[in-house]
There are 2 protein chains.
Amino acid sequence: MSDPLYDDPEFLELYELFPRQQKGLAGAGEWPDLQALLPSVSNRSFLDLGCGFGWHTRWAAENGASRVLGLDASKKMLDRAIATTDNPAVEYRLTDLDNLDLEGETFDVVFSSLTLHYVADLDQLFTTTRAATAAGGSIVFNVEHPLMTGPTKLDAIDHHGTTVWPVDRYADEGPRTRTWLVEGVRKHHRTVASWVNGLIDAGYSIDRLVEWSPTSEQVAENPAWEIDRTRPPFLMVAAHV
Amino acid sequence: MSDPLYDDPEFLELYELFPRQQKGLAGAGEWPDLQALLPSVSNRSFLDLGCGFGWHTRWAAENGASRVLGLDASKKMLDRAIATTDNPAVEYRLTDLDNLDLEGETFDVVFSSLTLHYVADLDQLFTTTRAATAAGGSIVFNVEHPLMTGPTKLDAIDHHGTTVWPVDRYADEGPRTRTWLVEGVRKHHRTVASWVNGLIDAGYSIDRLVEWSPTSEQVAENPAWEIDRTRPPFLMVAAHV
């Protein structure tokens with residue numbers, strides 16, 4: 001198995017240049033707010049759906065997680081993740097999240113960062129994670145915000161002197177094919193409501209939503225993030241069983 | 001007490017021309033979906049926050065509610081509501097929702113339609129309704145969607161041949177002064193996350209979100225609603241205690 005996108009050398013070469021892949025969690029402006037949604041992972045088991053190079057799995061292990069399982073569909077990314085830890089609590093597994101099987105597994109914390117918008121059947125995924133979550137356990141994830149996944153065109157425009165984000169097709173859920181580093185990247189657009197209702201239908205109770213935008217201070221340090229106050233780039237959700 | 005907006009004769013004359021004020025619930029395209037979020041009101045008490053001319057209070061009474069209390073800040077609207085029912089289960093009360101006092105009252109169903117975006121202190125309101133909700137009771141409301149309350153300019157634009165909705169200031173919550181029938185209408189912009197988190201913080205459990213857009217069939221019957229598929233005009237939330 002290989003991930004047609006994240007194993008693509010052309011894509012990967014560009015992807016590695018993102019600050020968050022160069023600097024890790026310190027390069028991800030939203031990480032402090034995502035981390036704030038997480039319960040303590042100390043002495044708890046942690047599942048990372050779409051672990052990539054392993055930034056969050058290493059964080060969980062360093063923060064005392066009793067077991068960490070990182071799943072990803074990209075063999076190239078997993079190889080690098082495996083090479084960057086020798087912590088015996090950490091395990092990596094090549095996995096297609098559209099065919100996730102957690103039979104016989106139990107986790108206290110299910111986590112995912114910027115991955116679930118690639119999953120076609122979210123109901124099936126949430127049903128699977130719910131069944132594999134220990135009593136009192138939780139799920140915390142972020143995804144591209146529906147204002148990012150939905151629109152036909154993803155470019156800010158000037159509207160009578162105001163920079164605006166051109167929203168359309170919000171109500172039309174389904175796949176979107178984008179040019180993102182390379183052509184033909186397929187993501188799945190769902191409304192905020194569908195992310196929330198999907199969790200509820202799978203048996204979760206909602207704890208928190210965050211439509212993340214950078215603070216004014218973050219924009220001052222990273223002027224390119226200005227557009228992210230116009231509309232949030234990420235949606236974060238925390239829920240428990 | 002009088003409502004500076006809804007008691008304004010100029011505003012009211014225009015407001016009465018809306019299909020939903022002429023035809024009642026049959027003129028409100030979203031009502032079937034809002035109604036679907038409501039539990040049975042038969043033999044249950046029903047509180048309507050911002051009852052206006054009383055369309056929903058009469059609906060609750062006709063559907064067997066044991067007690068119906070309609071609250072509104074507009075004396076002119078309440079006078080008309082009072083004149084349109086002689087059902088002894090229905091009561092109307094002139095009330096400013098920014099100073100809501102439900103001391104000693106209990107309701108099974110708290111309801112509000114297109115009103116709460118006028119409320120300045122939502123935390124206080126939700127705390128008050130939560131305290132006045134019976135065990136097993138619920139709250140169901142709709143408001144203008146944050147994609148309606150947020151943007152600086154509320155006009156669809158053409159963007160390379162696609163009709164788009166110009167979103168900006170999504171992250172900047174707070175009051176917005178609009179021209180809506182008349183000048184100087186003040187509404188409060190909150191993100192979807194804040195509507196949900198406000199309920200959770202007050203002690204509610206979230207049951208359902210609906211970011212309502214008309215169906216293609218509704219648009220075919222009402223071509224002016226086309227823009228409402230580009231971005232949802234209403235947010236609906238159902239929660240329970």
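Which strand of chain B do 3 bridges join to β7(A), and do the two run parallel or antiparallel? To find out, select β7 in chain A and residues 162-167 of chain B. The partner is strand β7 of chain B, and the two strands run antiparallel, joined by 3 bridges. Keep in mind throughout that this is a predicted model.

**Stop 1: the strand pair across the chains**

Stay on the two β7 strands and pick out A:Pro166. Opposite A:Pro166, in β7(B), stands B:Pro166.

**Stop 2: the axis**

Now show both chains as C-alpha traces. A turn of 180° with a shift of 0.0 Å along the axis lays chain A on chain B, with an RMSD of 0.0 Å. The two copies are therefore related as by a two-fold rotation axis. Which residue of chain A has the C-alpha nearest that axis? Return to A:Pro166: its C-alpha lies 2.6 Å from the axis, the nearest in chain A. Both copies use the same surface, since 100% of the contact residues of chain A recur in chain B.

**Stop 3: the whole interface**

Select the residues of each chain that are in contact with the other. The selection should hold 36 residues of chain A and 36 residues of chain B. Between them, the chains bury about 2,900 Å², and 56% of this is on carbon and sulfur atoms.

Next, look at the polar links. Across the interface of chain A and chain B, 20 residue pairs are in polar contact, with both residues at pLDDT 80 or more. On the chain A side, the elements that each supply at least two residues are β6 (157-159), β7 (162-167), α8 (192-202), β10 (205-212) and α10 (227-230). Coloured by class, the side of chain A that touches chain B shows 16 nonpolar, 9 polar and 11 charged residues.

**Stop 4: a salt bridge**

How many salt bridges are there between chain A and chain B? The count is 4. To view a salt bridge, select A:Arg208 and B:Asp201 and show their side chains. They meet at 2.7 Å, N to O.

**Stop 5: a hairpin within chain A**

Finally, hide chain B and select residues 174-180 and 182-189 of chain A. These are strands β8 and β9, which pair in the antiparallel sense over 6 bridges. Within this pair, A:Arg176 has A:Lys187 in β9(A) as its bridge partner. What lies between the strands of the hairpin of β8(A) and β9(A)? There is 1 residue between them, and in this hairpin A:Leu181 takes a positive phi near 70°.

How values were computed
Residues numbered from 1 in each chain as written. Chains lettered and ligands numbered in written order. Heavy atoms only, no water. Contact = heavy atoms within 4.5 Å. Buried area = accessible area lost by both parts, 1.4 Å probe. Polar contact = N/O pair within 3.5 Å; in protein donor to acceptor, adjacent residues only side chain to side chain. Helix = DSSP H or I, 4+ residues; strand = E, 2+ residues; numbered from the N terminus. Nonpolar A, V, L, I, M, F, W, Y, C, P; charged D, E, K, R; others polar. Pairing = 2+ DSSP bridges. Least-squares fit on C-alpha atoms with pLDDT ≥ 70 in both.
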